[in-house]
Every structure is written in C-alpha cells, then in structure tokens.
Amino acid sequence: MDLKRIGEFGLIDRLTKRNGFPNSKLDIGIGDDCAVFKPSPGKRQVVTTDALIEHIHFNLSTITPYQLGWKSLAVNLSDIAAMGGVPRFAFLSLGIPTHCDVTFLDSFSKGFHDLAGKYEVELAGGDTTRSLNDLFINVTLIGEVSSKKFFCRKGAQEDDALFVSGDLGDSALGLELLQTPGKSWIASKTARAQLIRKHTQPEPRVNLARELVSCNVKITSMIDISDGLAQDLGHICKANSLGAQLWEQELPSSPALRKVCRSNNLNPMSYILGGGEDYELLFTSPSKDAKKVLRHFQKAEVSVSQIGVMLASPKKLTLVGENDREVNINSIKGFDHFK
C-alpha cells in the first residue's frame, strides 16, 4: 500500500496501534503536543538518543524491516542498561523516503514493538516526515536509575577487575558475511545464522544490568560495547586516567565465530577486539570481589567473564597472550563516523 493513500496521520495510527503496554506513569502520551509522566520516588531519570541512517548504519538489502525496527530500539536499550537503568518511554522519529511502503513500515513497527513489549517500554511520542532519498530513524529513550546506585564510565580504580558479558566479535563477523554475498564462505547454516542475528537483532543486556544493580557487588564503572572492545575500553581508561591489560585466553567468543574464522583463515582477535555492535556490557569491580562476581553470575541468562585488570598507566592498553607475551593494542580502533 502506498503511503499517499493513508497519509501522515494514518501512518502514525499504524505505527502506534501495537503500543500495547500501558504505563501507569504516563499521564499524557501520543496525541498531544508533549508526553507527560510521573518520575518514580527515589529515582533519577536517564535519557539517551541514537540515530540510524540508511547507507551509513544499515543497508536495506542486508536487514529486514522487522530486524531494523528491533535494532533501532535495541541500541538505545543497551545505553540505558549501561547505566544500570530501567527503560520506560521511547520516542520514535522517522524520515521516510518513497521506497518505503506501508507493508515495510508495518513490519518495522512490529519489530520495534516486540522488543518494547519485552522490556515494558511504551512508545510515548515522536515525529514522522518525508525524506528525499534515505530512511532516517531516531529513537530517544527515557529510563530511570536508583538515586543511590547507578553506573557510569568514571569510577574505575587501579587493579579493578575487568568483566564483560556474553561473547565478542559475532556482530562484526555477521556484518562481513552479509556484505560479501559473493564470497565462498566456509560456514554452516547454523553458524552463519547465529553470527548474522547478533548483528541484525542484538539482545540488549537490560536484565543483566538490573541484576548488577540488585546484587551485593560493587560495580565501579560500566559501558556498553557499541564501537568495539578496545575502543570502548579506551573510553573507560580515559574517563579514569588509567590503562588496562586484557588476557587473550579469557576473551569470550562463540563457537560459531571460532569455527568460521578457523575455516576461513581469519584472525578471530580482529573481530573480538575491534568489532563493533556487540552491545555487551563492559564493567569493572574491585579485584577482591572478582570471584564473587563470577559466582553470582554462574547461572545468569548471559555469561560474565573476567577479561583483564585496570592499570595505573594512563592510556596503556595491552593484550597478554601465550607465553605471557604482551602486545600494545592502542592502535586498534573501532567504528568512527568521521574517519
């Protein structure tokens, strides 16, 4: 169906009709000039926003409308998780070109709302406009954190243990698989699907963040991995005037990544250290609590691994490999829009 037939307001109705999670904190939602909501007692608000632009962040030949709707919210949920927050309200703005029809936008909306429902997020507003060429998506997400316990990049100390959730590198290898359809990859259907899904439909670690807030463990700093392990760890180092040492043998990777890299003569460390869009949580805790952290998350829905330690030397980022060989990895860079 052509967008001209339903018009802007018909489109808004279609985008919001799946908004089935009523939030008692929202006094006024979609349909007025502003959303009005009540903050929870003893909480602080956290706000994040992310833009996704066609041909910059995604290509419609390698991602479905459903996956794109899911991912557009997931990247924001990951930011809220990195602060130890609970997501509450989303605001979705779209710049829509003529190549997007109503069927495309219905599928996009379903992906967005399926993930929103999973984490009890209500779509509270946004905007729609026409774009001349490319699809533009912007999501703003409002969440809440405890006034007494929330996380940020600053706070890590020398000798703090360094942890990461999940596996690293899958998203970057999944993207490479998508971008090279003509290449003769040696990869099983199962491994290929797992790697691609990590890129197109990431699972933000919202529940793990809630667990980190509620557990009896001190978390000194945290960030989500959107631009690659080395680059995002560099942000923690910079915020605290520290360095870090990573242990190669402890860096978590999936069997799918290891098998595909081995079969295709690829170095898995390039994906693990420099690959972006994993949306895992990278955090620090006092070394004396390291075993407590690992014990606590043994039965969590996602694994947690200790991958290194914070160093006193500012900006020093090293990787310790076999035979205790230490390599400087400051030169490894993740995604940068302007380089």
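Here are three short exercises on the structure above, each with a worked solution.

This is a predicted model, in which local features need pLDDT of at least 70 and side-chain atom pairs count only at pLDDT 80 or more, while totals for chains, interfaces and linings use all residues. Residues are numbered from 1 along each chain as its sequence is written, and side-chain values use heavy atoms, leaving out hydrogens and water.

**Exercise 1.** Find which side chain makes a polar contact with the side chain of Asp-170.

*Solution.* Start by locating Asp-170 in helix α4, residues 170–179 (helices are DSSP runs of H or I, at least four residues, numbered from the N terminus). Next, look at its charge partners: Asp-170 is buried yet has no salt bridge, and Lys-198, the nearest side chain of opposite charge, is 5.0 Å away. Here buried means under 20% relative accessible area with a 1.4 Å probe, protein chains only, and a salt bridge needs a Lys or Arg side-chain nitrogen within 4 Å of an Asp or Glu carboxyl oxygen. The partner is Ser-254, at 2.8 Å (a polar contact is a donor–acceptor pair of N or O atoms within 3.5 Å; residues adjacent in sequence count only if both atoms are side-chain atoms).

**Exercise 2.** Work out how helices α2 and α3 pack.

*Solution.* Take α2 (residues 65–82) and α3 (residues 102–118): their angle is about 40° and their axes lie 6 Å apart. Axes are lines fitted to C-alpha atoms over the stretch in contact, with angles from 0 to 180 degrees between N-to-C directions.

**Exercise 3.** Is Ser-61 buried or exposed?

*Solution.* First, place Ser-61 in the loop between β3 (43–53) and α2. Its relative accessibility is 63%, so Ser-61 counts as exposed, the cut-off being over 50%. Finally, its side chain makes a polar contact of 2.9 Å with that of Asn-59.

Definitions and conventions:
Helices (H or I, at least four residues) and strands (E, at least two) are DSSP runs, numbered from the N terminus. Lys and Arg count as positive and Asp and Glu as negative; His and the chain ends are not counted.
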